[in-house]
Amino acid sequence: MSEYTVIAAFNTPLRRFAAGQTITADDLDGLLTVEDHIRLGHIAAPPPAKTGKVKDTTPAPATDQTDTPAG
């Protein structure tokens, strides 16, 4: 389960959260979702997931007529 960091103190109907606190989606109650709290600036968005090795997208050197004699 993802953990989120509170960046601005806020309250739900049953709980109070302080800035710097680490919470999960299960800690939230009430009508607002995790995404709502992120949009409101209460909690920080999770960092992007690591997808493994990053593919190198630089183009390969051209091997056109530079090595062939002009004819």
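Start by selecting Thr-24, which sits in strand 4, the stretch covering residues 22-24. Keep in mind as you click around that this is a predicted model. Is Thr-24 buried or exposed? With a relative accessibility of 18%, Thr-24 counts as buried, because the cut-off for buried is under 20%. Now show what lies around Thr-24: setting aside residues within four places in sequence, its contacts are Met-1, Ser-2, Glu-3 and Tyr-4.

Hop over to one of those partners, Glu-3. You'll find Glu-3 in strand 1, residues 3-5. Unlike buried Thr-24, Glu-3 is exposed, at 56% relative accessible area. Beyond residues up to four places away in sequence, Glu-3 touches Thr-22, Ile-23 and Thr-24. Now pick Pro-46 as well and draw a distance between the C-alpha atoms: Glu-3 and Pro-46 lie 7.6 Å apart in space, though 43 residues separate them in sequence.

Next, select Tyr-4. Outside its neighbours within four places in sequence, Tyr-4 is in contact with a long list of residues, including Gln-21, Ile-23, Val-34, Ile-38, Ile-43 and Pro-46. Which residues make up the largest nonpolar core? Select Tyr-4, Val-6, Phe-10, Phe-17, Ile-23, Leu-28, Val-34 and Ile-43, and you have the eight residues of that core on screen.

Time for some charged side chains. Side chains of opposite charge can pair when their charged atoms come close. There are two salt bridges to find here. For one, select Asp-27 and Arg-15, whose side chains meet at 3.4 Å, N to O. This pair links distant parts of the chain, 12 residues apart: Asp-27 is in the loop between strand 4 and helix 1, and Arg-15 is in the loop between strand 2 and strand 3. Both ends are partly exposed, Asp-27 at 22% and Arg-15 at 35%.

For the other, go to Asp-36 and Arg-39, which form a salt bridge at 2.3 Å, N to O. These two are three residues apart in helix 1, so about one helical turn separates them. Asp-36 counts as buried at 19%, while Arg-39 is exposed at 62%.

Finally, zoom out and colour by secondary structure. The chain has one helix and four strands, and reading along the sequence gives the pattern β-β-β-β-α. Of the 71 residues, 20% are buried. Switch on the surface to end the tour: the chain exposes about 6,000 Å², with carbon and sulfur atoms supplying 56% of it.

Notes:
Residues are numbered from 1 along each chain as its sequence is written. This is a predicted model: local features need pLDDT of at least 70, side-chain atom pairs count only at pLDDT 80 or more; totals for chains, interfaces and linings use all residues. Side-chain values use heavy atoms; hydrogens and water are left out. Buried means under 20% relative accessible area, exposed over 50%, partly exposed in between (1.4 Å probe, protein chains only). Contact means heavy atoms within 4.5 Å. A nonpolar core is a set of buried Ala, Val, Leu, Ile, Met, Phe, Trp, Tyr and Cys residues joined through side-chain atoms within 4.5 Å. Accessible areas come from the Shrake-Rupley method with a 1.4 Å probe; for residues, only the protein chains shown count as cover. A salt bridge is a side-chain nitrogen of Lys or Arg within 4 Å of a carboxyl oxygen of Asp or Glu.
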